[in-house]
Amino acid sequence: MSQVAAEDYNDVVGYITDVEGNLDYFLEYVKISKVVTLKEDKTNGFVLNTPGKKEVLDFYNSSAKLVFGGDSQDKGVGDVRIVLLLLEFKKRFPDRVHLIIGNRDCNKLRLAAELSAAILEDEEVANDKGFPYWVAPEKRVTPNMALEKDPKTGNKGADRLKWMLKHTMGADGGFERRKFELAEMQDKNMSEISDDDVVTSYRDSIDATQKDWKKCFMLEYLRNAELGYFFGNTLFVHGGVSKDNWLRIPGETEASGVKDWINKLNSFAKQQVAEFEKETDHPKSKNKTDRKGHKLMDYGVPNGNCEPAFDPAAPPRTVICNTHLVGGNPAQFDMTLADALVKEDTFNVVVGHIPHGDCPTTIRAKKVLVIMGDTSYSKMGYKTTKKTSSGTAADTLEYADNRNGAVSEIIVWPNGKVQVHGVRSTPDTGAADEIDFFLRHDNGDKYVGRQVKDGDMKAYWVKAKIKGEDKYVLSKGEGFKLDHKTLTLADLEKLEFEEATVVPTADADPPADLVQGVVQGVG
């Protein structure tokens, strides 16, 4: 558990994103966090990794906040418990816990119609080659096509849910992982959890008729979540900000500025969730685009928010599915947007959505820092094996983890100061590197967030500073693969960097030598 000095981390935000159902990862985050912790609560708590012990989240300090950056679901055995933890925390601290909507959150609205009895019996839907519309036609797999390729259960709801998870939600194996989690939560063996139990869990998670928020946990998440949140001069969104999504609001004219934009996007999301809840006959719209809540579902798919019709060739036009990577490597941030953000006193943009290595990545752009916190592909191909602690005999489930011990926390102060700390992926030999550095601070790091201009290290980005050493991690990405280099401070001082990555302090004018292109630290 972190040892935290109250005077140091009181009025701050702790940030984590893209947990994607990985309960072990989330609990490792809590262990290193300087903002949140766990406490035992026999009445309101949840059994996590310690049998019989019920726990809830808590703050170390009286005014700190937590921002969860979205994507709570799909790739671990903690989908249900992670959201329950966050929601219980939100209910106790409604003004201090902020939940962001990710694509893996809002796409769960589809479950209401697509797992309904009427849709499961509809052969037109089962053979619909026009859905999912955001997938290239040649790559689409209809439910009936999946039945020919994938193992069949004989349970229409289970088969359809497996199709949804594998072919439309990027969550292959999610069905078995949910069965595992339900067994743990109910102190049963996996064999005692039926396919119908799994389908019901997913269906109930978005069912507006449920009176218990713990059953309709994903709908409750969306009721309490936002598309964007401001803390001081820092903006949090799930995916990013770009010239393609800038100030765009579904069905409306452009916003007048970034604050107006985020306010209107949040109103849009609230309206969509409210409309979804009022719908009493989700099946009538089948898988088409006229169902209630569709605009929010569409806002969460790649190339969504296209009007008047979906265009698969369009660039990302949403703050959910945007990215600050090109070809797997960070791209220089648009300088015009940097100026527009600064004009409204927005100096940091903190995002998740697209993974990039085993620790957060920073891009510097004039006075703006873009910080990417998704580390869900820390070590591609790494698998974990879980054993249930419940039931009369332990069940074992192996699945792709892709984390391998990597976990970080981003901490933000109201004036824009940032700290990034954590641990990188465990290497084959030796201990994992710890990282710890500040940005936009009197002693802020001078190199993290800068891109090498030329030479053998051209296009590499300075990603992190190793704790307690004058060593840095540099990376260059291609797809989801990264090439990492470790350089000393002396090595970095010999390199030439792109000038666009210079960032002065958020609350002071840049010094004259900075304006002339001399690189300074993030003050």
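## A tour of pockets, a helix and a cavity

The second largest pocket has a volume of about 640 Å³, and since you're looking at a predicted model, treat this as a walk through computed geometry.

**Stop 1: the second largest pocket.** Select Val80, Leu84, Leu182, Met185 and Gln186: of the 26 lining residues, these lie nearest the pocket's centre. Now colour the elements that give two or more residues to this lining: strand 3 (46-47), helix 2 (79-92), helix 9 and helix 10. Which of them gives the most? That's helix 10, with four residues. If you're thinking about the chemistry of the wall, the lining splits into nine nonpolar, eight polar and nine charged residues.

**Stop 2: helix 8.** Next, select residues 156-167 to get helix 8, which has 12 residues. From first C-alpha to last, helix 8 reaches 16 Å, close to the 16 Å expected at 1.5 Å a residue. Zoom in on the start of the helix and show Asn155 as sticks: Asn155 caps the N-terminal end, with a side-chain oxygen 3.0 Å from the backbone nitrogen of Gly157.

Gly157 is also one of the buried residues of helix 8, along with Ala158, Asp159, Arg160, Leu161, Trp163, Met164 and Leu165. What covers them? Turn on helix 4 (111-114), helix 5 (117-120), helix 6 (123-126) and helix 7 (143-149), then helix 9 (174-185) and helix 10 (195-204); the cover includes all of these. You've already met helix 9 and helix 10 at the second largest pocket.

**Stop 3: the largest pocket.** Helix 8 leads here too, as it supplies at least two lining residues, and so do helix 3 (103-106), helix 13 (294-299) and strand 10 (325-326). The largest share, three residues, comes from helix 13. How much space lies in this pocket? About 1000 Å³. To centre your view, pick Lys75, Asn103, Arg104, Met169 and Gly170, the closest to the pocket's centre of its 49 lining residues. Colour the lining by class and you'll get 18 nonpolar, 17 polar and 14 charged.

**Stop 4: the largest cavity.** There are three cavities of 30 Å³ or more, and the largest has a volume of about 50 Å³. Select Tyr15, Ile16, Thr17, Tyr25, Pro360, Gly373, Thr375, Ser408 and Ile410 to see what lines this cavity. Strand 1 (13-16) and strand 17 (407-412) each supply at least two of the lining residues. How many charged residues are in that lining? None: the classes are five nonpolar and four polar.

Notes
Residues are numbered from 1 along each chain as its sequence is written. This is a predicted model: local features need pLDDT of at least 70, side-chain atom pairs count only at pLDDT 80 or more; totals for chains, interfaces and linings use all residues. Side-chain values use heavy atoms; hydrogens and water are left out. The expected span of a helix is 1.5 Å times one less than its number of residues. Buried means under 20% relative accessible area, exposed over 50%, partly exposed in between (1.4 Å probe, protein chains only). Contact means heavy atoms within 4.5 Å. A polar contact is a pair of N or O atoms within 3.5 Å; within protein, one must be able to donate a hydrogen and the other to accept it, and residues adjacent in sequence count only if both atoms are side-chain atoms. On a 1 Å grid over the protein atoms alone, a cavity is a set of points where a 1.4 Å probe fits but cannot get out, and a pocket is an open set with protein on both sides within 12 Å along at least five of seven lines; lining residues have an atom within 4 Å of a point. Grid points are joined across faces, edges and corners, and a volume is the space filled by probe spheres set on the points. Ala, Val, Leu, Ile, Met, Phe, Trp, Tyr, Cys and Pro count as nonpolar, Asp, Glu, Lys and Arg as charged, and the others, Gly among them, as polar.
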